[in-house]
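Please keep the structure open beside this note, since each point below is meant to be checked by eye. The points begin with contacts between side chains and then move on to the sheet, the helices and the backbone.

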Amino acid sequence: MKKVSIVVPCYNEAQDIAKKSEVVKDYLKNNKDYHFDVVLVNDGSKDNTEEVIKSIEGVHAVSYHPNGGKGHAVREGLRYSVDTLDSDYILFMDADLSTDLSAVEKCLSLLEEGNDFVLGSRHDKESDIRIKQPFKRRFISKCSRIIIKSMFHFKKIKDTQCGFKGMKKEVAKILVDKSKMDGFSFDVEYLYIVKLRQFSYISFPVIWSDDRGSTVSPLRSSVRFFKDLFKIKRNKKHYLKDE
């Protein structure tokens, strides 16, 4: 039976993470084809997220300080999944469960078909957006997609930023070793490394709902995001170098 890690980056999630973790665990019980490990990564939270995730039964708790950013949290989750759990497939998803959990089976099916890296997409024709983002976020997102497309030319990928993705262990090892971006641009960096390393990648439609409780500033995070895109392009030699 293949082993699957599901990495969940957590920042100030003490209020809801126990309840959301139970939702995930209950859902995974229905899938008997894989052995699942849920990895909760506390990204230097200012509340008591660390204590909460360590108290949840049936999950793996990873924690560090200070706050490193979502990209850093996902990288540490990948590292733990590869080095400690020796997982065959590693998926990661947002703690707010904005992507419907049916994405788990879709993602694993595409990995089983031989794809190396799989991306959930909110912009495929078959995607089902239950709650839209506010207009400002949708506008910034559209601008981001245009810039990313012009800079990186990802084949048939309409959404690099959906919080649900999956990969084979071999890809995860490369991403842990080569990725540098700690902020929200890490998704673009991952796909760029995958493309440069000639791994196969594909997207699939998801059922998705906006998290209206998000405290991320769209303007501030966008400025850093766009700066990071140029850093990613400059890091090309590093991504390709075998050390």
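1. Asp228 and Lys231 form a salt bridge, in which the closest N and O atoms are 3.8 Å apart. Please bear in mind, here and in every point that follows, that this is a predicted model. The two residues are three residues apart in helix H8 (residues 218-234), so Asp228 and Lys231 are separated by about one helical turn. The general background is that an α-helix has 3.6 residues a turn, so residues three or four places apart point the same way.

2. The two partners differ in how much of their surface is accessible: Asp228 has a relative accessible area of 5% and is buried, because buried means under 20%, whereas Lys231, with a relative accessible area of 39%, is partly exposed. The pair also belongs to something wider, as salt bridges with shared partners join Arg224, Asp228 and Lys231 into one network.

3. How many salt bridges does a search of the whole structure find? The search finds 15, and two further examples are worth following on the model. In one of them, the side chains of Glu112 and Lys2 meet with an N to O distance of 3.1 Å. This pair links distant parts of the chain, since Glu112 sits in helix H4 (residues 103-112) and Lys2 in strand S1, 110 residues apart. Glu112 counts as partly exposed at 37% relative accessibility, and Lys2 is likewise partly exposed, with a relative accessible area of 35%.

4. The other example is the salt bridge between Arg122 and Asp159, where the closest N and O atoms are 2.8 Å apart. Here too the pair links distant parts of the chain, with Arg122 in the loop between S5 and strand S6 (128-131) and Asp159 in the loop between H5 and S7, 37 residues apart. Are these two residues buried or exposed? Both Arg122 and Asp159 are buried.

5. Turning to the sheet, you should be able to trace seven strands in the order S3-S2-S1-S4-S7-S5-S8, which make up an open sheet with mixed pairing. Strand S3 (60-64) and strand S8 (201-205) stand at its edges, and each has a single partner strand, so one side of each is left without a neighbour in the sheet. From one strand to the next, the twist averages 20°.

6. Within that sheet, strand S4 (residues 89-92) and strand S7 (residues 165-168) run antiparallel and are joined by four bridges; to find the pairing on the model, look for Leu91, which stands opposite Gly166 in S7. Helix H3 (residues 70-83) packs on the sheet, where it touches strand S1 (2-10), strand S2 (34-43), S3, S4 and S7, and the direction of H3 makes about 155° with that of S1. Helix H7 (residues 186-196) lies across S4, strand S5 (117-121), S7 and S8, and runs at about 140° to S5.

7. Helix H5 (residues 135-152) has 18 residues and reaches 26 Å from its first C-alpha to its last, close to the 26 Å expected at 1.5 Å a residue. Which residues of H5 are buried? They are Ile140, Ser141, Ser144, Ile148, Met151 and Phe152. These buried residues cover an arc of only 100° around the axis, which puts them on the same side of H5. On the other side of the helix, Phe135, Ile146 and Lys149 are exposed. After H5 comes His153, whose phi is positive, near 55°.

8. A few backbone details deserve a careful look, because most residues other than glycine have a negative phi, and most peptide bonds are trans. The peptide bond from His65 to Pro66 is cis, with omega near 0°, and Pro66 lies in the loop between S3 and H3. Asp86, although not a glycine, has a positive phi of about 50°; this residue is found in the loop between H3 and S4, and at 43% relative accessibility Asp86 counts as partly exposed. Leu97, also not a glycine, has a positive phi of about 55°, and its place is in the loop between S4 and H4.

Methods: Residues are numbered from 1 along each chain as its sequence is written. This is a predicted model: local features need pLDDT of at least 70, side-chain atom pairs count only at pLDDT 80 or more; totals for chains, interfaces and linings use all residues. Side-chain values use heavy atoms; hydrogens and water are left out. The expected span of a helix is 1.5 Å times one less than its number of residues. Buried means under 20% relative accessible area, exposed over 50%, partly exposed in between (1.4 Å probe, protein chains only). The arc is that of the directions from the helix axis to the C-beta atoms. Two strands pair if DSSP finds at least two bridges between them. Axes are lines fitted to C-alpha atoms, for helices over the stretch in contact, and angles run from 0 to 180 degrees between N-to-C directions. Contact means heavy atoms within 4.5 Å. A salt bridge is a side-chain nitrogen of Lys or Arg within 4 Å of a carboxyl oxygen of Asp or Glu.
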